[in-house]
Amino acid sequence: MLDLYYWPTPNGWKITIMLEECGLPYRIVPVNIGAGEQFDPTFLALSPNGRMPALVDHAPEDGGEPVSLFESGAILEYLAEKSGRFLPADLRGRYRVKQWLMWQMGGLGPMLGQNGHFLLYAPEKVPYAIDRYGREARRLYGVLDHALSDTPCVAGDYSIADMAIFPWVMTHKAQGITLDDFPNVARWFSQLRGREALQKGLAVDKALRQSTMSDDAKRVLFGQNQTATNE
């Protein structure tokens, strides 16, 4: 059995999509990030960075002690290796997928996160930050659009790279992005949205996600209540 420490956000959805696509049995352990549960010592023992998701595999392939993982990209790779799916076995294919997974982890996710923060949640409007991250968001969408110009999915066949990218592209309207400007991304997005397993992954504990964010939740999520060790 796999225990997934989870909250319905883009980084959490990456993993539930993968689990549903693979058909692996799992149990959800909710981590209410608006209430600060990601800073509980029990969770920090699994995820030292104080960020969701985390995964514990109680039946690893080597038959040894449970395997505990944090960082969504590492979890996706682990599940791909465990299931033998969505990560090519050949050298070139595997690294085509891995480079796009790293692109999402190091670029698309963090930059869209900053864009969304300054556009939607910052207590004061900072024009420089809104312009800076808005331009970077559009640049990254352009990179993705170009990559998808001659291939159905970002690294060829559907893979963990697509699962990592898709939940962040779901936020395009809130990011101030229209997919009309990125036709290849729009085609890919529509194609993936039709996958039944992907929709099941997005629906996991959907009711936990609130449409509005309280001031207390904002203080927790944006670091105002964190100790120095968690900043």
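**Exercise 1. The Asp3–Arg27 pair**

Is Asp3 buried or exposed, and what is its relative accessible area? Then classify its salt-bridge partner and place both residues in the fold.

*Solution.*
- Step 1. The model is a predicted one. Take Asp3 at a relative accessible area of 6%. Buried means under 20%, so Asp3 is buried.
- Step 2. Find the partner. Asp3 forms a salt bridge with Arg27, and the closest N and O atoms are 3.0 Å apart.
- Step 3. Place both residues. Asp3 belongs to strand S1 (residues 2–6) and Arg27 to strand S2 (residues 26–30), so the bridge ties together parts 24 residues apart in sequence.
- Step 4. Classify the partner. Arg27 has 45% relative accessibility and counts as partly exposed.

**Exercise 2. Other salt bridges**

State how many salt bridges the structure holds. Then work through the Arg195–Glu21 pair, the Asp131–Arg135 pair and the network that includes Lys82.

*Solution.*
- Step 1. The total is eight salt bridges. As background, side chains of opposite charge can pair when their charged atoms come close.
- Step 2. Arg195 meets Glu21 with the closest N and O atoms 2.8 Å apart. Arg195 sits in the loop between helix H7 (183–193) and helix H8 (196–203), while Glu21 is in helix H1 (residues 10–22), so this bridge ties together parts 174 residues apart in sequence.
- Step 3. Check the burial of this pair. Glu21 is buried at a relative accessible area of 8%. Arg195 is partly exposed at 29% relative accessibility.
- Step 4. Turn to Asp131 and Arg135. Their side chains form a salt bridge at 2.9 Å, N to O. Both lie in helix H5 (residues 127–147), four residues apart, which means a separation of about one helical turn.
- Step 5. Check the burial here too. Asp131 is partly exposed at 38% relative accessibility. Arg135 is partly exposed at 45%.
- Step 6. Finish with the network. Salt bridges link Asp57, Glu61 and Lys82.

**Exercise 3. The four-stranded sheet**

Write down the strand order of the open sheet. Identify its edges and give the sense of the S1–S2, S1–S3 and S3–S4 pairings.

*Solution.*
- Step 1. The order is S2-S1-S3-S4, with mixed pairing.
- Step 2. S2 and strand S4 (67–70) are the edge strands. Each has a single partner strand, so one side of each is left without a neighbour in the sheet.
- Step 3. Neighbouring strands are turned by 20° against each other on average, direction ignored.
- Step 4. S1 and S2 are parallel, over five bridges. Tyr6 stands opposite Pro30 in S2.
- Step 5. S1 and S3 are antiparallel, over four bridges. Leu4 stands opposite Leu55 in S3.
- Step 6. S3 and S4 also run antiparallel, joined by four bridges. Asp57 stands opposite Val67 in S4. Asp57 is also part of the salt-bridge network with Glu61 and Lys82.
- Step 7. Sort the side chains of S3 (residues 54–57). Ala54 and Val56 point one way, Leu55 and Asp57 the other, and all are buried. In a regular strand, side chains alternate between the two faces of the sheet.

**Exercise 4. Two nonpolar cores**

Describe the largest nonpolar core and the other core apart from it. Use Val169 and Tyr5 as probes.

*Solution.*
- Step 1. The largest core has 60 residues. Those with the most contacts inside it are Met18, Leu79, Val154, Ile160, Val169, Val185 and Trp188.
- Step 2. Probe Val169. Leaving aside neighbours within four places in sequence, Val169 contacts Tyr141, Leu144, Leu179, Val185, Trp188 and Phe189.
- Step 3. Another core, of 10 residues, lies apart from the largest one. Tyr5, Ile33, Phe43 and Ala54 are among its residues.
- Step 4. Probe Tyr5. This residue lies in strand S1 and is buried, with a relative accessible area of 17%.
- Step 5. List its contacts, again leaving aside neighbours within four places in sequence. They are Val29, Val31, Phe43, Leu46, Met52, Pro53, Ala54 and Val56.
- Step 6. Compare sequence with space. Tyr5 and Ala54 are 49 residues apart in sequence and 5.0 Å apart, C-alpha to C-alpha.

**Exercise 5. The annotated domain**

Which feature does UniProt place at residues 1–87, and what is the helix and strand content there?

*Solution.*
- Step 1. The unreviewed UniProt entry gives "domain: GST N-terminal" for residues 1–87.
- Step 2. Over this range the chain is 33% helix and 21% strand.
- Step 3. The end C-alpha atoms of the range are 21 Å apart.

Terms used:
Residues are numbered from 1 along each chain as its sequence is written. This is a predicted model: local features need pLDDT of at least 70, side-chain atom pairs count only at pLDDT 80 or more; totals for chains, interfaces and linings use all residues. Side-chain values use heavy atoms; hydrogens and water are left out. A salt bridge is a side-chain nitrogen of Lys or Arg within 4 Å of a carboxyl oxygen of Asp or Glu. Helices (H or I, at least four residues) and strands (E, at least two) are DSSP runs, numbered from the N terminus. Buried means under 20% relative accessible area, exposed over 50%, partly exposed in between (1.4 Å probe, protein chains only). Two strands pair if DSSP finds at least two bridges between them. Axes are lines fitted to C-alpha atoms, for helices over the stretch in contact, and angles run from 0 to 180 degrees between N-to-C directions. A nonpolar core is a set of buried Ala, Val, Leu, Ile, Met, Phe, Trp, Tyr and Cys residues joined through side-chain atoms within 4.5 Å. Contact means heavy atoms within 4.5 Å. UniProt positions are given in the numbering used here, feature names are shortened, and annotations may be inferred rather than shown by experiment.
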